[in-house]
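User: Hi! I have a protein model open and I'd like some help reading it. Could we go through it together?

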Amino acid sequence: MIFGVVFIVALPLTLFADGKETSIDAGDIVASDFAEMQEYAQAQYEHLLTKIEVANSLSDEHKKLVATALSKNLEGLPICTFNQEIVYAEESERSETRLVTVHDNGILTDDKGRERLFSEWKYSPFTAPSAAGMDFASATIIDETGTDVTFQFRFDKKAKSASENITELLRDLRRVARNLRYELKVDSQTGAPKSLVLELIKPTRVFVIARVKKIRYESVYRFDENLQRFVIPEQSVEYTASAPVRGTESEKIDVLHSNFECSTPIRYVWRASLD
């Protein structure tokens with residue numbers, strides 16, 4: 001790909017590299033039960049509510065809605081199996097459906113004999129693009145109805161994260177930061193997340209001669225009664241970029257998750273640190 005556009009595309013062929021083994025000795029994998037997961041979510045909410053205080057254009061109630069919605073975007077995975085379908089718009093031969101199994105040591109395996117550590121996994125039915133890059137001070141409301149509120153945020157070029165993967169993502173996104181926007185759509189009564197979009201609002205020149213014309217990453221949320229948490233059944237990724245010699249490169253990928261089957265009691269693994 002051109003000049004690091006892969007930071008947002010996260011090509012699915014790299015999700016499970018054949019024969020790759022990953023150590024889990026890094027210390028950021030935590031096994032927990034459901035009650036502890038809820039405590040973690042509450043801690044995330046309180047942390048986010050403190051960060052969103054700088055959003056002077058929002059009311060206190062709107063700030064609570066944002067913190068509530070983003071606190072549902074936990075990185076943890078319940079111990080379960082589910083189907084993952086990856087659909088390429090232009091290259092159908094690369095599309096595939098796999099059965100994924102989450103193990104209690106943080107390793108994911110699929111029915112094709114491949115494995116990966118969950119923290120290195122690119123498309124997850126439980127995690128949308130990290131909110132670590134949100135400039136909370138820039139928060140505005142761009143749409144409000146009787147049922148929904150949509151918030152917009154600029155990208156924070158100074159954003160940091162305790163997660164190595166997210167730090168790398170933020171570093172790459174800084175190249176087009178001035179024209180990146182987050183849009184968070186939430187239920188206006190409960191703060192339940194409905195969708196999160198990270199989008200480039202206009203073409204942006206990178207490295208003098210190259211241009212990123214389109215970036216759009218959307219995650220749609222749904223509450224799963226059996227899991228008692230939000231899942232992301234639909235994700236879509238689009239990008240277009242151009243450079244001399246290489247010409248224009250485009251990609252559109254849809255990722256669908258379904259058929260969740262979880263063990264009882266449900267257990268979770270996640271990164272322990274808060275962004």
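User: Let's start with α3. How many of the twelve residues of α3 are buried?

Analyst: Happy to help! Keep in mind that this is a predicted model. Nine of the twelve residues in α3 are buried, so the helix is largely enclosed by the rest of the structure.

User: Which residues in α3 are buried?

Analyst: They are His62, Lys63, Leu65, Val66, Ala67, Thr68, Ala69, Leu70 and Ser71.

User: And what covers the buried residues of α3?

Analyst: The cover includes helix α2, along with β7 (134–144), β8 (148–155), β9 (180–187) and β10 (193–200).

User: What distance does α3 reach from its first C-alpha to its last?

Analyst: It reaches 16 Å, which is close to the 16 Å expected for twelve residues at 1.5 Å a residue.

User: Lysine is on that buried list. Which residue does lysine 63 form a salt bridge with?

Analyst: Its partner is glutamate 53, and the closest N and O atoms of the two are 3.7 Å apart. Glutamate 53 sits in the loop between α2 (34–51) and α3 (60–71), while lysine 63 belongs to helix α3, so this pair ties together parts that are ten residues apart in sequence.

User: Is glutamate 53 buried or partly exposed?

Analyst: Glutamate 53 counts as partly exposed, because its relative accessibility is 43%. Lysine 63 has 6%, so lysine 63 counts as buried.

User: How many salt bridges does the structure hold?

Analyst: There are 15 salt bridges in the structure. One of them joins the side chains of glutamate 251 and arginine 94, at 3.5 Å from N to O. Glutamate 251 is in strand β14 (residues 247–262) and arginine 94 is in the loop between β3 (80–88) and β4 (96–102), so that pair ties together parts that are 157 residues apart in sequence. Both glutamate 251 and arginine 94 are buried.

User: Which residues are linked in a network of salt bridges?

Analyst: The network links Glu96, Arg98, Asp110, Asp111, Lys112 and Arg114. Within it, the side chains of arginine 98 and glutamate 96 meet at 2.9 Å, N to O. Arginine 98 counts as buried at 2% relative accessibility, and glutamate 96 is buried too, with a relative accessible area of 18%.

User: New topic: cysteines. How many disulfides does a search of the whole structure find?

Analyst: The search finds zero.

User: Why is there no bond between cysteine 80 and cysteine 262?

Analyst: The closest cysteine sulfur to that of cysteine 80 is in cysteine 262, and it is 3.6 Å away, so it is too far for a bond. The cut-off for a disulfide is a pair of cysteine sulfur atoms within 2.5 Å.

User: Which of the two is buried? Let's take cysteine 80: buried or exposed?

Analyst: Cysteine 80 counts as buried, at 3% relative accessibility. Cysteine 262 is partly exposed, with a relative accessible area of 24%.

User: Last one. Where is aspartate 224?

Analyst: You'll find aspartate 224 in strand β12 (residues 210–224). Its relative accessibility is 10%, so aspartate 224 counts as buried.

User: And what does aspartate 224 touch?

Analyst: Leaving aside residues up to four places away in sequence, aspartate 224 touches Arg229, Val231 and Phe260.

User: Great, thanks!

Definitions and conventions
Residues numbered from 1 in each chain as written. Predicted model: local features only at pLDDT ≥ 70, side-chain atom pairs only at ≥ 80, totals over all residues. Heavy atoms only, no water. Salt bridge = Lys/Arg side-chain N within 4 Å of Asp/Glu carboxyl O. Helix = DSSP H or I, 4+ residues; strand = E, 2+ residues; numbered from the N terminus. Buried < 20%, exposed > 50% of the residue type's maximum accessible area, 1.4 Å probe, protein only. Expected span 1.5 Å × (residues − 1). Contact = heavy atoms within 4.5 Å.
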